[in-house]
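Please open the model in your viewer and keep the selection panel at hand. The tour below gives a selection for each stop and then says what is there.

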Amino acid sequence: MHLRVPRPRSLAGQLFAMQAVLIAVVVVGYALFSYISDRGQAEEAAGRQARAVSLAIADSPSVAEAIRTPDPTARLQPYAVRVMRDTDVDFVTIMDPEGIRWTHPDPRQIGHPFQGHIERAQRGQTFTETYTGTLGPSVRAVTPITDDGRIVGLVSAGIKVEEISKRAQEQLTALSGVAAGALLLGAVGTYVINARLRRHTHGMNADELSRMHDYHQAALHAVREGLLMLDGQYRVALINDGGRELLGVRSDVVGASVADLGLPSQLTGALLASEPRVDEVHLAAERVLVVNTSPVSGGERRGTVVTLRDVTELQSLTGELNSERGFTQALRSQAHEAANRLHTVVSLIELGRAEEAVEFATAELELAQALTDQVVAAVSEPVLAALLLGKTAQANERGVELVVSQDSRLDDGLLPPSLPARDLVTILGNLVDNAVDAAQGAVPSRVTVAAYTEDSGAGGSELVLRVCDTGAGVDPAHADLVFQRGYSTKPAGEGGRGLGLALVRQAVRRHDGTLTVTEAEGGGARFEARLPLGDAGGGGAAPAAVTGSRPGSGGAE
């Protein structure tokens, strides 16, 4: 047999019970107060009524005249009965100055002494009291009857307490009905409100809500992805640690407008958009973010839920993958050419021209080895050397000559750990791809790459990466726009354009470097990135800088 532990009452149920009890206590307290108050008011009203009746009887000339007769009862008893009927009092007793009754509702009590206090009336005063007489407890008034200044009799009019209680009970019954209606109305209203509250709290009690809040806070701080919640006026309602880190905002942004966060304009526009955004790529200060927005609505716009994913490394890997893909395509093309050369060598041998076959094959090998030796001699840093070899083959496939400048010198192990190879691939790879695109179709079609280190002053050094092309160059008016995401002078392809140079600038800024674009010698564009190396750099002789820029278009995406 298993004992079933009762589940704690939900928060809505607890509130309903508390409000029902509160309403009941208020209504019962008000009913009790009203009953006591009405009872006191009823007794006071009965005393005023009895006093008024007794004074009216004492002032009646017919009463004084009847008292002067030998048998006052004969005339006063019918008179007292009419007065009781007309004034709605329970008794009217007229008596002599000594208190012997001349009238009474019960004729058998006539001639007997009045039960009550008459001393004050005998002294000429009118007073009221509550006294228990022959008819039971009553509120009565006693008044002297005077004739020419002489007290000739007394009159008492009264209302039984039982009648007073009956009147109060009637009022209490009506009040109880009103109270019951108020309690019912309050209970129904409380039930409706709490039913809605139960829907909002999903029937959970206070402990469960508190526990869920703790889980909610723990989850927000534990999730690495960024979570941002905006209200209907696009103010920050909630942001977790990941969101603050990815957006690079301060910790006290809750309540601030999105437009005041200092984010890039395109990212701000995505957050302010009313329609959902799905897996949009945006650049923050130092990161590449995938942004998803989902409006929260329930008949009206209540806000927006924004999720942020950091794909900086993924974007770098994608760039490397694109380079590798291009290199693979170039290798595939080279394989076709190698197959053609092999067929040529075989055909020469079959024709008995072995010497010519050897000379042809050797020339091809010497050309390939010379290219490799040239790149490695200039840039022995393995990652950059491999990148330049791949880009050389890829550019050659597209009819563009890629040349490594003779001024280049970058030895293996020269770069510090603070400058990862992945960022170098992002910077140099995108600059070369951009230059190849610009030089393709130009005469001559050439891209020149220079990579070296030089002193930057104050005992430090910096890495210089320079890429020049023979394309149409960059309009000076667009010198800054070319580094913004989405800007391109070429038609948009699959996946869009305008991200490569924006990623370059982001990577350069991440390492506190500088990125400039000017006119190259002989035309075209000249992109130069300078990255500080601290004390770790070597010094290679730098070629003379080319200054100035030339109007034109193209050459940047």
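Select residues 226-231 and 236-239 in this predicted model. These are strands β5 and β6, which pair in the antiparallel sense over 3 bridges. Show the side chains of L230 and V236: L230 in β5 stands opposite V236 in β6. Then colour β5 by accessibility. The strand is mostly covered, with 5 of its 6 residues buried.

Next, go to the turn. The hairpin has 4 residues between β5 and β6, and among them Y234 takes a positive phi near 60°.

Move on to residues 241-247, helix α7, and pick R244. Is R244 buried or exposed? R244 has a relative accessible area of 19%, and it counts as buried because the cut-off is under 20%.

Now display the polar atoms around the R244 side chain. Two partners are worth labelling:

- D241: its side chain makes a polar contact with the side chain of R244, at 2.4 Å.
- I239: its backbone oxygen lies 3.3 Å from a polar atom of the R244 side chain. I239 falls within β6, residues 236-239, so this stop leads back to the hairpin strand.

To see the wider surroundings of R244, leave out neighbours within four places in sequence; R244 is then in contact with I239, V249, R250 and S251.

For the last stop, select L184, V188, Y191 and V192 and switch to a surface view. Together they form a nonpolar surface patch with about 400 Å² of accessible area. Within this patch, V188 belongs to helix α5, residues 161-201. V188 counts as partly exposed because its relative accessibility is 44%, between the limits of 20% and 50%.

Terms used
Residues numbered from 1 in each chain as written. Predicted model: local features only at pLDDT ≥ 70, side-chain atom pairs only at ≥ 80, totals over all residues. Heavy atoms only, no water. Buried < 20%, exposed > 50% of the residue type's maximum accessible area, 1.4 Å probe, protein only. Helix = DSSP H or I, 4+ residues; strand = E, 2+ residues; numbered from the N terminus. Pairing = 2+ DSSP bridges. Patch = residues over 30% accessible without salt bridge, like charges linked within 9 Å, V, L, I, M, F, W, Y side chains within 5 Å. Areas by Shrake-Rupley, 256 points an atom, 1.4 Å probe, with all protein chains shown as cover. Salt bridge = Lys/Arg side-chain N within 4 Å of Asp/Glu carboxyl O. Polar contact = N/O pair within 3.5 Å; in protein donor to acceptor, adjacent residues only side chain to side chain. Contact = heavy atoms within 4.5 Å.
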